[in-house]
Every structure is written in C-alpha cells, then in structure tokens.
Amino acid sequence: MLAKLSTRPTLRRCAVTGAVGLALLGTGLSVGRGDPEPDLDRFYDQKITWARCPGEGLPKDLQCGKVTVPLDYAHPRAGSLDLALARFRATGEKRGSVLLNFGGPGGPGVPEFMAGGKEFMELTDNYDVVTFDPRGVGRSSPVSCGDGQEDIALPEDGTELDRDPQSVLADLRKAARACARHSGPVLPFIGTVNASRDMDVMRQALGDDKLNYLGFSYGTRLGAVYAAQFPDKVGRLVLDGVDTLTEPLTEQGIASAQGQQKALDDFITWCVEDIACPFGQDPREARKQVVRLVESLDEDPLPSAFGEPFTGQDLVGALAQALYSEELWPSLERALASLVEDGDTHAIETFAGRGAALTRREETDDPDGGLVDEQDVPLDNMPAALMAINCADDPDRPTGRQIVDNLDRLRAEYYRASPVFGPYRLSGVLMCYGRPRGTDFIRDEVKDVDTAKMLLVGTRGDPATPYRWTVETARRLGPSAVILDNKGGGHTGYASNKCVHSKVDAFLLYGTLPPDGSSCGTEDDGR
C-alpha cells in the first residue's frame, strides 16, 4: 500500500546513503504564516498547466504538471524550484482539490500515485485528487549523496564506534560533505517547514481557498506544520499514521524498534501455524532462529543477486519493509524459506528495494531547479532525502563525546526494545552528528492550532507510528483534533481497514466527522 516507505539505512563502503548518509541542513529554513508576502505574488499568481503523464501503461485520465516555488522563501528572487505534480480529475460536481502526501520523509508522491492512485477514486466524486514530489524528492531537484565513488565506511548498527570512534565520526563528516556536493542548492532549504509553504503555493495554484489534505505517516507531520503556519487556510485535513512532533530522533528509533518487534512477533505467530514456515512450529524457538539468522549473516554474508554481500542488516531492512502490511506475510514467508533453505537472496531482496544502478547527479550551483527526468533520479534519493528532512526538522545535535559516552546505555535500551531491530535502529543516534541544528519551529510552535476540525487516525498495531503518538499529537494540536481509533494492525489505516476508509472519505467529501475517540474494529471482526 501507499505510505509504506522504508527507513532502511542501506549503508556500505560503496554508497553514502541511508540513516547516517546526511547533508548540511537547517541554515536556510524560513517560517511564514498567513497571507503571502508581496514579493511572493509571482508564485501565488501562477496557474498549473496539466497534460497526460508520459509513459506506457498509465491510466489515460492521469495528468501531470508542475508548480514553481522559491528556493528560499526569505529571498524569493534568489532562485526557484519546480515541483512535480500528478492528478486524477473530479468526475462529479467539483468542490476543489484534495492534496495527498504518502509519507517517508523522502517518498515521491507521483510514482506512488501512478502505482496506487485508484485507491482514491471515491474522492474524485467531488475533488481533483492531487499529489506531488516534495522539494529534494523524486523529480523535484532530488538530493543525493553520490554514486558510491567516495571511499567512506559508515556504520550500519553503531558497533564500529566501539573500535574507532574518532574514525567513524570523521567519516560521518565526510559523508555530510559528499551529500552537499551531490545535492545542489536545494539542500540548505529542504525540510518540512519549507515543504509546508510549498503546499500553500500549490493550494493557490490549484484555485482553492482552503487546503483539503490527506497525509500518511510523515505526511501527518507535514499536515500539522501546515496547520500551524496557515491556520486560516485549513479546510478538511486528515492525518493517518500520526507522527510525533516532539520526540528526539533517538527516542523515535526506540519506538520504531518496539513497533517492528511486535509486528515480527505477530508474523512469527502466524508463520509457525504453517508447516512450510522455515523456522519450524515453535514460536519461541522461531524467534531465536531469526536473531541467529541475522547474526550469522552479519558474520558471514551471502552473495546477493547484484554482486554485493547480503548481510544481517540487509535482512533486517527487508523485514522492516515487509512487516508494514499483513498482506505481505505470505510473500515474506516464501522469501525467508528461499533464504534459509537454499541460501537464495533474490526474493528477500525485493523487500529491501535493491537491484537498480545508482545514477550520478553532477554537482551544480544553478539556483533554478527544473524537473529532472525520471531516469535521472538518483537511486539513493529516498534515503538521502529522508535523512536530510529529518535532520532539518530536528534541533538536537549531540557532540561526538556525548554520543560515545551514551552509547552503552543506548545500546542496552535499543536491544531491550528489539534484539532484531534495535541494533539496526541504533545508527539513528549518529544521524545528524556535526550538522547545523534543525529548526525549533515544529517542537515549539506546532501546538494549540486555531483551525477547522481535523481528523487524526491512529492504528493500534502500527509498527512505525505507535498509537500513543496519535494521542500525544492530538493533545498538542488542541481542540481542533479529532481521533479515530483503528483497532487493526499495519502502518496507517486508510487502505487496510474499510471502516477507516469510509470515515475518512465521508469527512473529506461531506464534512462528516466521527465522534472524537470513536473506533473502527479490525477487518476480522467485521465492524
């Protein structure tokens, strides 16, 4: 399903990407509220030209376009960016547009929409349904950390700090410089604060007085920031799979490890009921076997289908992706069976998103960023953008000494959260080391918003965004936030739960809100 984008840190000596392949961030953020400033008029006065999307096998009614936004909102004459758009037009009486963001951060909206946009066809009764590639993502001036030519060895799980912490920290600084070289002028101006301002330009260019919005996962952070920046422009706003607005990245890593461990335990409980389960029929022993499999692959990797070693951390990344949806469990069981019984990595690697060649993006100082061709989007764009955006949004910057001094404590906390995903997530403590501080705006200002009512969907069994984040974010946003409690599992609820789907559509189409705190049962119980 859409909105299920991996945060897998695919780090190797051959590629500066992933959870610690970072960029120089934060220095170009600007925060704006209310009506556009006079020198932004040329951006707010533009109209979008729509045409059929290029490519074979795409729906005939899918259209593509672009919108132009300032590179730097504080200096709008200093350069501009084009952002890629796609839409399905309204088929009934049109009341405006609804804008979609599928999450990430770093997830391009246009290709996700091309693959799964039919999920939203009910909304075309009254809306043009529109999505976009945010700045730095997809075709919209994509950031990158290079084509793997830099000889930089980055840690996958934090253990390298035990052996040579100063060398690891130095390599992290080299990685940041590599990201800056390959990403172009957009990098200092990436992040949710500016992406939110871009959405307000889109709103005006689409001809809407208010923004109607459906955001998943990270897209809920983006929607909440918009509500704080432009409270008078909020129309019908839905946040599904609600992100935290306050927790530091180290705490988010622990929460992710806990959620993914719960999802893994549920998968194993399901798997051992099948005679074909590669871990046998004893759930406790099966869980131990998964840990041993990860450890053995880290010690002695298998050859992958694409020439690189397939390590235990590669397996963990694939598991993290596959566990977002129970619909993937049968495919995951078969892939694990091929790995365990035959040493064949082909099937499991499909979950990790490996197998394409990296594309080099040349260094550029051109301040005007047009759309890049689809084939020129760097393969590492998603992880590079994920880390760039997260660092731009986070003001915490522990020193190298603080990282080293706290490592033993953090390692124990992460391992308690999950013996499988904890070490994998531990690299998050290194995420923004040595980079400029991100914005304080999200933690300090995104609260007590004075907007129209908005719907927040939290899923009890969500492995990526725990339900408590929905409750905490709703409390922080204030009385405008209405919670819908999805009793099911999986990441987000719109695609996996018919009750959630219908209630979200009813709100967006007709303005009908469920009572605050009402719930949708699991699909199994039929409610």
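**Charged, aromatic and backbone features of the predicted model**

Tryptophan 270 is partly exposed, with a relative accessible area of 32%. This value falls between the 20% and 50% limits, so the residue counts neither as buried nor as exposed. The structure described here is a predicted model. Tryptophan 270 belongs to helix α7, which spans residues 249-271. Across the fold, the C-alpha atom of tryptophan 270 is separated by 9.9 Å from that of glutamate 333, although the two positions lie 63 residues apart along the chain.

Charged side chains offer a good place to continue. The structure holds 22 salt bridges. In one of them, arginine 87 pairs with aspartate 128, and the closest N and O atoms are 3.1 Å apart. This pair links distant parts of the chain: arginine 87 sits in strand β3 (residues 80-88) and aspartate 128 in strand β5 (residues 128-132), 41 residues apart. Both partners, arginine 87 and aspartate 128, are buried.

A second salt bridge joins the side chains of aspartate 394 and arginine 443, with an N to O distance of 3.2 Å. Aspartate 394 is in the loop between α12 (381-393) and α13 (400-417), while arginine 443 is in helix α15 (residues 441-445), so this contact ties together parts that are 49 residues apart in sequence. The two ends of the bridge fall into separate accessibility classes. Aspartate 394 has a relative accessible area of 6%, which is under 20%, and is therefore buried. Arginine 443 reaches 23% and so counts as partly exposed.

Arginine 437 and aspartate 440 provide a further example, their side chains meeting in a salt bridge at 2.9 Å, N to O. Here arginine 437 is partly exposed, at 46% relative accessible area, and aspartate 440 is also partly exposed, at 32%. Elsewhere, salt bridges that share partners join Arg87, Lys94 and Asp128 into one network, which brings the buried pair of arginine 87 and aspartate 128 back into view.

Charge also gathers without such pairing. On the surface, Glu295, Asp298, Glu299 and Asp300 form a patch of negative charge. One of these residues, glutamate 299, is found in helix α8 (residues 283-299). Its relative accessibility of 70% is over 50%, so glutamate 299 counts as exposed.

Turning to the rings, a search of the whole structure finds 11 aromatic pairs. Phenylalanine 88 and phenylalanine 113 make up one of them, in an edge-to-face arrangement with 5.1 Å centre to centre and 65 degrees between the planes. The two rings connect distant parts of the chain, with phenylalanine 88 in strand β3 and phenylalanine 113 in helix α2 (residues 109-116), 25 residues apart. Phenylalanine 88 and phenylalanine 113 are both buried. Another pair, tyrosine 226 with phenylalanine 230, is tilted, with centres 5.0 Å apart and 35 degrees between the planes. Tyrosine 226 is buried at 0% relative accessible area, and phenylalanine 230 is buried at 2%. The aromatic residues Phe88, Phe102, Phe113, Phe120, Phe216 and Tyr494 form one cluster, and this group includes both members of the edge-to-face pair, Phe88 and Phe113.

The backbone deserves a look as well. Most peptide bonds are trans, and most residues other than glycine have a negative phi. Against this background, the peptide bond from glycine 104 to proline 105 is cis, with omega near -5 degrees. Proline 105 is placed in the loop between β4 (97-101) and α2. Serine 217 has a positive phi, near 55 degrees, and is located in the loop between β6 (211-216) and α6 (218-229). With 9% relative accessible area, serine 217 is buried.

A positive phi is also found at aspartate 448, where the angle is near 45 degrees. Aspartate 448 lies in the loop between α15 and β11 (454-461). The relative accessibility of aspartate 448 is 59%, which is over 50%, so this residue counts as exposed. The two positive-phi residues described here thus take opposite classes, serine 217 being buried and aspartate 448 exposed.

Methods
Residues are numbered from 1 along each chain as its sequence is written. This is a predicted model: local features need pLDDT of at least 70, side-chain atom pairs count only at pLDDT 80 or more; totals for chains, interfaces and linings use all residues. Side-chain values use heavy atoms; hydrogens and water are left out. A salt bridge is a side-chain nitrogen of Lys or Arg within 4 Å of a carboxyl oxygen of Asp or Glu. Helices (H or I, at least four residues) and strands (E, at least two) are DSSP runs, numbered from the N terminus. Buried means under 20% relative accessible area, exposed over 50%, partly exposed in between (1.4 Å probe, protein chains only). Patches are made of residues with over 30% relative accessible area and no salt bridge: like charges are joined within 9 Å, nonpolar side chains (Val, Leu, Ile, Met, Phe, Trp, Tyr) within 5 Å. Accessible areas come from the Shrake-Rupley method with a 1.4 Å probe; for residues, only the protein chains shown count as cover. Lys and Arg count as positive and Asp and Glu as negative; His and the chain ends are not counted. The place of a charge is taken as NZ of Lys, CZ of Arg, CG of Asp or CD of Glu. Rings of Phe, Tyr and Trp (its six-membered ring) pair if their centres lie within 6.5 Å; planes under 30 degrees apart count as stacked, over 60 as edge-to-face and the rest as tilted.
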